[in-house]
Amino acid sequence: MEGNSVHLPFFCIAGRARSGTTLLRMLLDGHPELIIPPECAFVQHLHSKFAAVKVWNKAAIKEFIQCLHKEPAYELLHVNEEKLESDILKAGDNSTYGDVCKLVYANSTSVFTKNHLRTVGDKNPAYSLYLEGLTSIFPEIKFIHITRDYRDNIRSMQQVDFESGITASLAYRWKYYNNRINSYKKKHPEKFMTVRYEDLVSDTEGNMKTICRFLGISFLPEMLDFTDKKGSYYELYPREALNKYHNNLFKPISGVPVNRWKEQMSTFEIRVADAVAGSSAEANSYERMYKKFNPVIWLYALPGVIYGRLYFTWGLFINILPWSLKMRLIHGMAAIFKPYWKRYTVKKNQGNR
């Protein structure tokens, strides 16, 4: 990592969870001039506390790193903190909050060897609802919006346990995420490119070449070989979590099935999903089987839609709270609901290497 890492361009993968965001992250991280670590929402969580810092002296850096340790899943970044502190000091007292965040990414650990970094990135589905905030922190930011058929997305979400399995609620959340992204994309089209999961797995090389051009880096064939690093991933990250939530990642990409919803969803479930997704389905290039309004289906779906809306309302409430109170609530909810990041915590001496 070079001393000018504060000036590196920044990008973010945006999209609904279980839409191929992790697959795309691993493909991109295979590039020696790019680093994009596992998701950790420290940029958003710490913004309110450190955005106003004018002088990044040793005291400010120490407090920042202490706060990083309180962030869920921060340990998965495997940050070289001694190097991080040194780099922040070298960058100068007047570094911005965004500059310091870039140095966190640049000093994280990857299973791939990194040479001279040309860009750093993040992948966090939650950031799909924080695009304007990210742009204020990283004015040069670019977004890669990845979409997946909402019915396959629903089925994938129902096979894991970090959200409710209610079809209507999951369809609403798919629509909400992609509507928010598309709305921001209309304001800043130059910052976006969109890729469909279905296209990525059917023509991985062609789509990765397009993505690399968008990011200003050269495509390298070895980016497609991340599955060869399975052993290294098991050494760096919890084996149990990888097997449980990403068990297909190390299989040949060309063999990933799409449109499995046609076999796995009942006609009634499809009707509910189509009704809730509405015109957002076509707006994201997915064809609904049932377009005609059905009041019975809609009344059945309504409780799930309300539940989905409350989920986002709660999230908006948390984001406006002071950092200390926000973190207490986040950790409190973790203890009660055991969300995704809780199960990704690295546990020492439990044979996860």
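Here is a friendly conversation about the structure above.

Biologist: Before we start, what kind of model is this, and how are residues numbered?

Modeller: This is a predicted model, where local features need pLDDT of at least 70, side-chain atom pairs count only at pLDDT 80 or more, and totals for chains, interfaces and linings use all residues. Side-chain values use heavy atoms, with hydrogens and water left out, and residues are numbered from 1 along each chain as its sequence is written.

Biologist: Thanks! How many helices and strands are in the protein chain?

Modeller: Both kinds of element are DSSP runs numbered from the N terminus: helices are H or I with at least four residues, strands are E with at least two. Counted that way, the protein chain has five strands and 18 helices.

Biologist: What percentage of the residues count as buried?

Modeller: Buried means under 20% relative accessible area, exposed means over 50%, and partly exposed is in between (1.4 Å probe, protein chains only). Of the 353 residues in the protein chain, the buried portion is 53%.

Biologist: Is His 31 buried or exposed?

Modeller: His 31 sits in the loop between α1 (21-29) and β2 (34-35). Leaving aside residues up to four places away in sequence, it touches Lys 114, Ile 217, Ser 218, Leu 220 and Met 223, where contact means heavy atoms within 4.5 Å. Its relative accessible area is 1%, so His 31 is buried.

Biologist: Which residue does Glu 140 meet in a salt bridge?

Modeller: A salt bridge needs a side-chain nitrogen of Lys or Arg within 4 Å of a carboxyl oxygen of Asp or Glu, and the structure holds 13 of them. In this one, the N to O distance is 2.9 Å. The pair links distant parts of the chain, 38 residues apart: Glu 140 is in the loop between α6 (131-137) and β4 (142-147), and its partner is in helix α5 (residues 97-106). Glu 140 is partly exposed at 31% relative accessible area, while the partner is buried at 5%: Lys 102.

Biologist: Which residues are linked with Glu 282 in a network of salt bridges?

Modeller: Glu 282 pairs with Lys 291, their closest N and O atoms being 3.8 Å apart. Lys 291 also meets Glu 287, at 2.9 Å from N to O. Glu 282 has 28% relative accessible area and Lys 291 has 47%, so each counts as partly exposed. Besides Glu 282, the network holds Glu 287, Arg 288 and Lys 291.

Biologist: At what angle do helices α7 and α14 pack?

Modeller: Tyr 150, Arg 151, Ile 154 and Gln 158 in α7 meet Glu 269, Ala 273, Asp 274 and Ala 277 in α14. Axes here are lines fitted to C-alpha atoms over the stretch in contact, and angles run from 0 to 180 degrees between N-to-C directions. For α7 (residues 150-158) and α14 (residues 267-277), the axes are 10 Å apart and the angle is about 115°.

Biologist: Lastly, which residues form a nonpolar patch with Leu 310?

Modeller: Leu 310 is in helix α16 (residues 295-319), and its relative accessible area of 53% makes it exposed. Patch residues have over 30% relative accessible area and no salt bridge; like charges are joined within 9 Å, and nonpolar side chains (Val, Leu, Ile, Met, Phe, Trp, Tyr) within 5 Å. The patch has about 380 Å² of accessible area together, by the Shrake-Rupley method with a 1.4 Å probe, only the protein chains shown counting as cover. Leu 310 shares it with Leu 299, Leu 302 and Ile 306.
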